[in-house]
Amino acid sequence: MQIDAPLFPEGTQRCDLKWFTFWTGLWGLLTLWGLFGAYLCFRYGLNQTNMNDYFAFGLWIVIDLAVIALGAGAFFTGFLTYIIGKKELKAIINAAVIIGFICYSGAMAMLTVDIGQPIRGWFGFWHANVHSMLTEVMFCISTYLTVLIVEYAPLIMENRQLSKDKFLHHLSHNLHHIMFIFAGTGTFLSFFHQGSLGGMFGVLYARPFAFRTGILIWPWTFFLFILSAIATGPCFTMLIVWITQKVSGKQLVKRSVFTLLAKISAGLLSVYLILKIADTLYWAKVTAPSLGFVLTDFYREGPYGIWLLFAELGLCGLVPALILLTRKGRESNFWLITACILACTGVTLNRFVFVIQTLAIPVLPFEPFVAYLPTWQEWAVGLAIVGYGGLIYSLSYRYLPVFPQERELNYGASKA
Amino acid sequence: MKPQLGFGEGIKYGMIIDLDKCIGCGACVTACVAENNTSILPDESNKVRSITWMRLYRFDNGKPYPDTEVCYLPRPCMQCDHHTPCVSVCPATATDYDPDGGIVSQIYTRCIGCRYCVAACPYHVRYFNWFDAVWPKGTEAVLNHEVSPRMRGAVEKCSFCHHRLMAAKAKANLEGRRHVLEEEYKPACVEICPTGALTFGDLNNPEHRVYRMSRDPHAFRLLERLGTQPKVFYTTRRRWIRWMSDNWLEGEDKGLTAASGH
């Protein structure tokens with residue numbers, strides 16, 4: 001009998017505590033390395049990175065954008081479950097919320113290191129510039145993180161020992177009853193911040209690589225970022241749950257849950273790709289030429305060649321969409337997970353391209369291309385989110401009833 | 001393309017730089033650093049982090065000797081007049097466009113250092129303080145008391161020596177005048193230029209030299225077709241330099257005048 005067995009969810013088994021300690025220790029070390037990198041940045045300044053006045057944004061912003069897109073599985077699964085009424089997704093919603101919480105809290109922590117004056121971070125709220133997309137991002141991400149905390153809290157309160165406290169038990173129960181309010185709020189907030197993250201780059205009318213026309217104040221990237229996030233967020237959720245199943249050696253959700261999410265993802269990914277290709281064509285044929293650029297000006301030899309475009313939209317866009325659109329693709333574990341990996345890679349590539357390639361390409365004809373490679377401090381802080389995520393997720397899986405179908409799928413209804 | 005002028009009403013301070021007079025001596029760069037208490041980095045050979053509010057570019061026409069021609073191009077902040085790219089993106093309103101004078105300001109103590117403005121600016125006029133400013137003992141004596149030094153983690157840029165405008169306005173006030181005369185307010189770079197390549201004044205005032213010079217057919221601006229409406233003009237009779245001021249498609253009519261050059 002494990003010493004921490006009383007903390008396990010009712011009727012479940014967990015691995016030996018020493019293996020678990022070793023496992024979480026690895027994630028802990030990664031996090032500690034990241035905290036050390038963060039300490040160096042706070043102590044000595046951002047000269048610890050390789051960012052410069054050409055590459056004002058670097059690895060951290062790419063990771064922030066990518067994890068926020070991938071963490072969209074939280075709000076979107078919540079929307080599907082509580083607003084659209086796909087009750088079968090209750091089997092995976094807890095995992096999605098935890099992943100979302102990790103992604104958003106990790107991103108906020110990374111941003112604290114990224115800005116030059118972290119103590120002044122609240123000025124974005126106090127001296128808000130209503131015309132800036134970044135202001136909108138700050139407001140919505142902060143409030144959405146609060147929503148995620150409220151969605152995560154009942155799960156923590158349902159820990160077997162914590163729920164013995166009557167107050168916590170009733171609080172979590174009542175929060176579940178009104179969870180649709182948070183799901184709705186989360187959907188609303190996420191729509192705006194996912195969009196504004198895209199809007200941030202689309203409005204840069206003086207950086208032709210990023211600039212897009214749009215509708216009213218919203219560049220098309222606003223809508224494309226939302227679409228790509230809701231298309232690939234569920235893929236990321238499925239990927240993490242599948243990894244959890246592999247590592248724990250248990251089935252945790254019914255296969256039909258994956259199939260449903262895969263189908264929804266397929267549809268959204270297809271719509272996204274059609275609109276994204278249309279937007280890319282218009283930008284390449286009309287917008288950029290009006291500013292004196294042709295496509296080959298943006299995609300030159302080396303790291304930012306045209307292969308990037310084909311990788312993002314082709315290998316990591318069309319291919320996973322086609323896989324997920326077919327029943328065989330959705331029902332085969334190999335193809336489903338391959339498609340999820342490709343889709344998640346695609347959205348990461350998209351964020352990378354908007355951040356790094358935008359900054360790499362000079363606008364003034366006599367300015368050069370400048371190269372950028374992150375320092376180890378940047379990698380440390382960037383990978384800390386993975387370590388932190390591993391820690392939180394592992395602790396949650398071990399001690400919280402994350403997967404409602406776990407008992408039914410592994411221990412049978414007759415076992416207590 | 002002829003400049004689309006019309007900066008709205010009121011005073012709009014601007015500059016015109018004669019590239020046929022600039023000899024690339026760098027006095028403007030030095031004067032700017034001295035005037036504005038710009039910090040010196042531990043490694044000033046790292047040009048991608050060097051703080052150069054006034055930056056001197058050197059480029060050539062790409063032809064081999066004896067047809068090589070070189071251009072030195074001083075580049076302060078363009079003080080963009082239309083939908084200023086950096087102002088619209090700042091989340092903390094640390095940078096703002098002042099309609100009275102047209103100068104784009106920067107509040108160093110409000111800047112959170114997110115660097116969105118640095119990303120938005122196509123002219124690379126904005127500089128982030130990657131390091132703490134260090135003033136070796138004794139050097140603090142040469143700091144200009146009218147300009148605040150900046151801290152690590154904040155963005156800074158050319159302000160058209162705004163402190164000099166404040167001093168000129170105070171002087172005019174004392175003398176019972178509301179307006180500042182053309183010769184009373186000049187940024188340090190304009191003042192120091194040995195060849196007189198830099199001219200500064202009110203682009204909307206017909207009595208100022210910049211008014212006439214900016215409307216000359218040989219005047220142009222950097223990245224005109226982006227629509228930022230910079231208030232820094234350049235003039236040259238050398239056509240190849242004008243071609244370097246913007247991006248063109250192959251075969252595109254670059255809209256140059258018949259008034260010739262090379």
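Select B:Arg58 to begin: this residue counts as exposed because it has 10 C-beta neighbours inside 10 Å (exposed means 12 or fewer other C-beta atoms within 10 Å of its own, buried 20 or more, and partly exposed in between, with C-beta atoms placed from the backbone). The model is predicted: local features need pLDDT of at least 70 and side-chain atom pairs count only at pLDDT 80 or more, while totals for chains, interfaces and linings use all residues. Residues are numbered from 1 along each chain as its sequence is written, and chains are lettered from A and ligands numbered from 1 in the order in which they are written.

Keep B:Arg58 selected and display its surroundings. The residue lies in strand β2 of chain B; strands (E, at least two residues) and helices (H or I, at least four) are DSSP runs numbered from the N terminus. Apart from neighbours within four places in sequence, B:Arg58 is in contact with B:Gly24, B:Val70 and B:Tyr72, where contact requires C-beta atoms, placed from the backbone, within 7 Å. Next, add B:Asp98, 40 residues apart from B:Arg58 along the chain; 31 Å separates their C-alpha atoms.

Turn now to the interface. Here 45 residues of chain B are in contact with 38 residues of chain A. On the chain B side, β2 (55-60), α2 (85-89), α3 (116-120) and β6 (127-128) each supply at least two residues. The largest share, 4 residues, comes from α3(B).

Select chain A next. This chain has 16 helices and 2 strands. Its radius of gyration, 22 Å, is close to the 22 Å that the globule rule gives for 416 residues, so chain A is as compact as a globular protein of that length (the radius is taken over C-alpha atoms, and the rule is 2.2 Å times the number of residues to the power 0.38). The C-alpha trace of chain A spans about 75 × 50 × 35 Å along its principal axes. Of its 416 residues, 50% count as buried.

Finally, select residues 220-248 and 333-360 of chain A. These are helices α9 and α14, which pack at an angle of about 130 degrees with their axes 9 Å apart. That angle makes α9(A) oblique to α14(A), a class left for angles outside roughly parallel (under 35 degrees), roughly antiparallel (over 145) and roughly perpendicular (65 to 115). Axes are lines fitted to C-alpha atoms over the stretch in contact, and angles run from 0 to 180 degrees between N-to-C directions. Among the contact residues to display are A:Phe236 and A:Trp242 of α9(A), and A:Ile341 and A:Val347 of α14(A).

Notes. Contact = placed C-beta atoms within 7 Å.
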